[in-house]
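Trainee: Hey, got a few minutes to go through this model with me?
Mentor: Sure, pull it up and ask away.

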Amino acid sequence: MAKKPVEIRFNAKTDHWYLSDFAPSLVIVDIEEGGKRKQMWFPNVAVAFNYLKTDNDVFREKILSCTVPSKAQYYGSEKAGCPVRKGWESDQLRVMRLLDWAKFSQNRVLAQWLIATGDAELVEYAPWEKQRPFWSINSKGEGDNNKGKILMRVRERLIEKAGEDHKIPLIKF
């Protein structure tokens with residue numbers, strides 16, 4: 001009988017909190033918008049992702065000023081009235097892949113912890129979600145778990161590229 005792979009469920013409140021977008025981790029990316037390029041440093045993936053989700057300067061300032069990741073997530077939400085950049089639906093997975101690559105490739109300790117998860121299936125667990133979540137799964141096991149899928153791919157890349165220097169990712173819009 002085939003052995004079922006280990007599953008690691010994570011969020012900001014579990015033993016594997018470091019996998020969460022809320023985990024403190026310097027994330028450095030180059031951003032190109034409208035032909036202009038700039039390098040930005042973010043305190044975590046949640047702030048970076050929500051900043052990149054909009055091109056509205058007022059909301060970007062609110063998001064950057066957040067010291068608590070959940071606040072950045074709120075300011076980047078529909079609930080707060082944040083306008084989403086054109087084409088975001090098709091860009092969000094690509095942007096999250098680049099941000100997670102930046103997070104783990106730029107921080108050796110976090111990279112080691114991610115690699116130490118072995119071949120476990122990584123599942124972002126959001127039991128509070130009532131509807132089918134895009135990034136995670138809810139308490140009913142519903143959801144796409146895109147975050148977990150991205151992290152498993154980042155883990156594979158880190159193993160493949162062990163010992164190499166990693167370039168700062170470029171995010172183009």
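Mentor: Keep in mind that this is a predicted model. Let's start with strand E1, where the side chains alternate: Ile8 and Phe10 point to one face and are buried, while Glu7 and Arg9 point to the other face and are not buried.

Trainee: OK, so how exposed is Glu7, and why does it get that label?
Mentor: Glu7 has a relative accessible area of 38%, so it counts as partly exposed. The label covers what lies between buried, under 20%, and exposed, over 50%. Arg9 is partly exposed too, because its relative accessibility is 35%.

Trainee: And what do the side chains of Glu7 and Arg9 do?
Mentor: They meet in a salt bridge, with 2.7 Å from N to O.

Trainee: Where does the charged end of Arg9 sit?
Mentor: Over the ring of Tyr125, 4.7 Å from the ring's centre. There's another case like that elsewhere: the charged end of Lys62 sits over the ring of Phe59, 4.9 Å from its centre.

Trainee: Back to E1. Which strand does E1 pair with, and in which sense?
Mentor: E1 pairs with strand E4, residues 121–124, in the parallel sense over four bridges. If you look for Phe10, you'll find that it stands opposite Glu124 in E4.

Trainee: Switching to salt bridges. How many are there in the whole structure?
Mentor: A search of the whole structure turns up nine. One of them joins the side chains of Glu156 and Arg153, at 3.1 Å from N to O.

Trainee: How far apart are Glu156 and Arg153 along helix H6?
Mentor: They are three residues apart in H6, which spans residues 146–160, so about one helical turn separates them.

Trainee: Does Arg153 have another partner, and if so, which one?
Mentor: Try Glu160: the side chains of Arg153 and Glu160 also meet in a salt bridge, at 3.6 Å from N to O.

Trainee: What about exposure for those three?
Mentor: Arg153 is partly exposed, with a relative accessible area of 37%. Glu156 is partly exposed as well, at 42%. Glu160 has 54%, so it counts as exposed.

Trainee: Which residues are linked in a network of salt bridges?
Mentor: Asp21, Asp100 and Lys147 are.

Trainee: Now aromatics. What describes a pair of aromatic rings?
Mentor: You give the distance of the centres and the angle of the planes. Here the count comes to eight aromatic pairs. In one of them, Phe134 and Trp135 have ring centres 4.9 Å apart and planes at 90°, so that pair is edge-to-face.

Trainee: Is Trp135 buried or exposed?
Mentor: Trp135 is buried, because its relative accessible area is 19% and the cut-off for buried is under 20%. Phe134 is partly exposed, at 31%.

Trainee: Which residues do ring pairs link into a cluster?
Mentor: Phe49, Trp88, Phe134 and Trp135.

Trainee: Last topic, the surface. Which residues make the nonpolar patch?
Mentor: Trp17, Val109 and Trp113 make a nonpolar surface patch of about 280 Å².

Trainee: Where is Trp17 found?
Mentor: In the loop between strand E1, residues 7–10, and strand E2, residues 27–33. Trp17 is partly exposed, with a relative accessible area of 34%. Patch residues need over 30%, so Trp17 clears that cut-off.

Key:
Residues are numbered from 1 along each chain as its sequence is written. This is a predicted model: local features need pLDDT of at least 70, side-chain atom pairs count only at pLDDT 80 or more; totals for chains, interfaces and linings use all residues. Side-chain values use heavy atoms; hydrogens and water are left out. Patches are made of residues with over 30% relative accessible area and no salt bridge: like charges are joined within 9 Å, nonpolar side chains (Val, Leu, Ile, Met, Phe, Trp, Tyr) within 5 Å. Accessible areas come from the Shrake-Rupley method with a 1.4 Å probe; for residues, only the protein chains shown count as cover. A salt bridge is a side-chain nitrogen of Lys or Arg within 4 Å of a carboxyl oxygen of Asp or Glu. Helices (H or I, at least four residues) and strands (E, at least two) are DSSP runs, numbered from the N terminus. Buried means under 20% relative accessible area, exposed over 50%, partly exposed in between (1.4 Å probe, protein chains only). Rings of Phe, Tyr and Trp (its six-membered ring) pair if their centres lie within 6.5 Å; planes under 30 degrees apart count as stacked, over 60 as edge-to-face and the rest as tilted. A charge sits over a ring if NZ of Lys or CZ of Arg is within 6 Å of the ring centre and within 35 degrees of the ring normal. Two strands pair if DSSP finds at least two bridges between them.
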